[in-house]
Amino acid sequence: MEEPDYKSSKKTSSKNKQKQKDEEEVPVDVIPKDKKKKPKKKTKKDRMQPLPPTPEEVEKARKKAIRVLFLHGLESGPRGVKARMLDPVFTLFAPDMSPNIQRMISYHSPYLQMIAISLALTLAISIYLIYWGASMKEYAYIAVGIVVILIELVIVRYLIQSNVATCMRECVELQTEAINKFEPDVVVASSFGGGVAVHLLSRGIWKGATLLLAPAQHAISRRGFLTGHYRFSIPPEATVTVVHGKEDNVIPLSDSETLANLGSHEQVEFITVTDDHRLSQTLKKKRMEELVLQVHAKHLARGGEGHHNRSDRSDSTAGLLTSAN
C-alpha cells in the first residue's frame, strides 16, 4: 500500500493561499471595467419597445397620408393602370363610374334604343315617300320625305344630348358624394374623368389641388351636342396641373390649352409631353407620383388646404375605402 504524497498537497494549498492573497491586494482601479459590473439583461418589456422610424419610413408615411380621389376614363375603371400606380403610394379612393358610362354607350340604354327605333321608322317612311314621289312625279312627297329626315335628325340630336347630359349629371353626383365623404387632398382625373373633374371645378364643388390627364370636357360637349350648354371655369382657390400628349389622336391638344387659359399661370400649370392619349410612356415609374406631390405642394404653398379640416373623420370614410378595395 502506497503512502499519500503530503509534500505535493502542501505545495498546492500554499499556492492557492498566495493567489487569494494577491487578488485581495489588487486595487479596485486596476480591475477591468467589464469585471466591475455585468450589463443587465434586457427584459421582455425592453425587447418589445419599437425602434424609431427610418427617414424612408417617415417619407412613406407622409405620402400615404395624402388622400387622392381618382376619376377614371371611359374605357378604364377604378382598378386601371393609373389607379394601380397611385394606390401603393397614397391613400386612394376611385369611385366606379362604369355603370353610368355603360348606360350611356350600351345598346341597353333606353336613349340609344329610342334612337335606333326612331331612325329605322323614319328612314323607312322617308325612303318610301321619296321613292313614291319620284315614281309618280309628285314632288310634294319627296319634300315631305326630306322634311321627315330633317325632323328625325333633330330628334336624334336631342336624344343624344339627353343621354350624355344624364350620364354627366350622374357622374358629377357620384363624385360630389365621394368628395364630401372621402375629403381628398388631391383629385386626379383622366380623359372622361377629367371632363367630370372640370364640371366639379366649374360648379365650385371642388376647389383643391387637381391633376388632369388629357381631360375630355370639350370633346364630351362636342360629341354630345352640348357645346354652349356648359360654361367651364376654374375657381381662384383651386390649383390645377394639366398634362396632355402632343401625339394624342383622341382629345385635341387645343382643348387642354383652352382649359389652361381659364386660370392664371400661378394657378394653372400646363405640361405638354411627347406621348399619346394614354400617356403610358410619361406616367411610367414615379412620374405619376411626382406630379401628384408637385400639385399638392403647390396648392399648400398658395395657402390652400384639403377639402375640409379632417381632425374628426366619420365612419363612412372607412366604408368608402373598404368598398373601393
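A pocket, as I use the word here, is an open set of grid points with protein on both sides within 12 Å along at least five of seven lines. The model I am looking at is predicted.

**Entry: largest pocket**

I looked up the largest pocket and noted a volume of about 800 Å³. I then asked which residues lie closest to its centre. Of the 31 lining residues, these are Gly73, Leu74, Glu75, Ser191 and His277. Next I went through the elements that give two or more residues to the lining: helix 5 (81–86), helix 6 (98–105), helix 8 (139–182) and helix 10 (217–223). I also sorted the lining by class and wrote down 17 nonpolar, 10 polar and four charged residues.

**Entry: aromatic pairs**

I searched the whole structure for aromatic pairs and got one. Its members are Phe93 and Phe182. I recorded 5.5 Å centre to centre and 50 degrees between the planes, and the pair is classed as tilted. The angle is neither under 30 degrees, which would count as stacked, nor over 60, which would count as edge-to-face. Where do the two rings sit in the chain? Phe93 is in strand 2 (residues 91–93) and Phe182 in helix 8. They are 89 residues apart, so I noted the pair as a link between distant parts of the chain.

**Entry: nonpolar surface patch**

I looked at a nonpolar patch on the surface, of about 430 Å². Tyr128, Trp132, Met136 and Tyr141 make it. I asked which element gives the most to this patch. Helix 7 (residues 110–136) does, with three residues. Tyr128 lies in this helix 7.

Technical notes:
Residues numbered from 1 in each chain as written. Predicted model: local features only at pLDDT ≥ 70, side-chain atom pairs only at ≥ 80, totals over all residues. Heavy atoms only, no water. Patch = residues over 30% accessible without salt bridge, like charges linked within 9 Å, V, L, I, M, F, W, Y side chains within 5 Å. Areas by Shrake-Rupley, 256 points an atom, 1.4 Å probe, with all protein chains shown as cover. Salt bridge = Lys/Arg side-chain N within 4 Å of Asp/Glu carboxyl O. Helix = DSSP H or I, 4+ residues; strand = E, 2+ residues; numbered from the N terminus. 1 Å grid on protein atoms, 1.4 Å probe; cavity = no way out; pocket = protein on both sides within 12 Å on 5 of 7 lines; lining within 4 Å. Points joined across faces, edges and corners; volume = space filled by probe spheres on them. Nonpolar A, V, L, I, M, F, W, Y, C, P; charged D, E, K, R; others polar. Phe/Tyr/Trp six-rings, centres within 6.5 Å; stacked < 30°, edge-to-face > 60°.
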